[in-house]
Amino acid sequence: MHNSVTLWSKSQFRLLITLVIIVGATQGLVSPLIATKLEQLHISPSVNGISAAMLYLGVFVSMFFCEKLLKYIGFQKTILTGIIVMIIAMFIFPLTKGIGWWSFLRFLLGVGDNITTFAIQLWIAINVKKEENGKRFSQFGLAYGLGLGLGPLGLNLEVFGFFVPFLIV
């Protein structure tokens with residue numbers, strides 16, 4: 001086989017790219033949805049912005065333990081851990097209300113997002129031939145961007161209930 005990625009790892013790569021789309025869609029949904037809800041609760045734009053920044057604080061904080069986690073439990077369990085953190089946060093969002101809870105849950109989403117994407121990016125770097133790294137990382141970036149772009153479409157589902165957009169992602 002002349003392809004640099006074996007058939008087995010291509011299927012793994014496709015799965016990982018699908019996960020990246022979902023991770024991106026999660027962030028793409030939560031950021032505008034929660035910002036809009038906080039605005040409806042008459043939270044000042046400055047405080048709303050600080051709450052939105054909690055997602056990125058979660059990304060920042062998690063960078064200090066991502067590598068250790070990956071070394072300790074491996075790629076699959078690290079990716080699964082990140083996804084579980086995100087699922088838990090997404091499940092709790094519609095059950096809570098207010099800036100305190102939502103800021104904390106945004107923080108958790110940032111942690112889960114970074115753990116997941118860190119492990120996936122490292123998997124790509126290790127398992128793909130150097131000649132194809134650019135192509136595969138471009139696909140990764142495209143998938144994340146696609147998810148970020150699709151996520152806000154979930155706002156249209158809020159007419160069916162606040163919890164519905166969270167169920168879809």
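Two residues are in contact here when heavy atoms of the one lie within 4.5 Å of heavy atoms of the other. The exercises below concern a predicted model.

**Exercise 1. Determine which residues I120 is in contact with, once its neighbours within four places in sequence are left aside, and place I120 in the nonpolar core.**

Solution. Step one applies the contact cut-off to I120, and with the sequence neighbours within four places left aside, the partners are L16, L19, V20, I79 and F140. Step two turns to the largest nonpolar core, which has 32 residues, and I120 is among those with the most contacts inside it, together with I34, F93, L109 and F166. Step three asks which elements give two or more residues to this core, and these are α1 (7-40), α3 (66-92), α4 (99-127) and α5 (133-150). Step four looks at the shares, of which the largest, 11 residues, comes from α1. As background, nonpolar side chains in soluble globular proteins tend to be buried together.

**Exercise 2. Describe the order of the elements in the protein, and decide how its radius of gyration stands against the globule rule.**

Solution. The protein has six helices and zero strands, and from the N terminus on its elements run α-α-α-α-α-α. The radius of gyration is 17 Å, close to the 15 Å given by the globule rule for 169 residues, so the protein is as compact as a globular protein of that length. Along the principal axes, the C-alpha atoms fill a box of roughly 60 × 30 × 25 Å. Turning to contacts between residues at least 6 apart in sequence, 79% of them join residues at least 24 apart.

**Exercise 3. Decide for the loop residues H42 and T96 whether each is buried or exposed.**

Solution. The cut-offs needed are under 20% relative accessible area for buried and over 50% for exposed. H42 lies in the loop between α1 and α2 (45-62), and its relative accessible area is 73%, so H42 is exposed. The backbone of H42 adds a further detail, since its phi is near 65°, a positive value in a residue other than glycine. T96 lies in the loop between α3 and α4, and with a relative accessible area of 14% T96 is buried. Not counting residues up to four places away in sequence, T96 touches W101, W102 and L105.

**Exercise 4. State what part of the protein is buried, and what part of its accessible surface belongs to carbon and sulfur atoms.**

Solution. Of the 169 residues, 43% count as buried. The accessible surface comes to about 9400 Å², and 70% of it belongs to carbon and sulfur atoms.

Conventions
Residues numbered from 1 in each chain as written. Predicted model: local features only at pLDDT ≥ 70, side-chain atom pairs only at ≥ 80, totals over all residues. Heavy atoms only, no water. Helix = DSSP H or I, 4+ residues; strand = E, 2+ residues; numbered from the N terminus. Rg over C-alpha atoms; globule rule 2.2 N^0.38 Å. Buried < 20%, exposed > 50% of the residue type's maximum accessible area, 1.4 Å probe, protein only. Areas by Shrake-Rupley, 256 points an atom, 1.4 Å probe, with all protein chains shown as cover. Core = buried A, V, L, I, M, F, W, Y, C linked by side-chain atoms within 4.5 Å.
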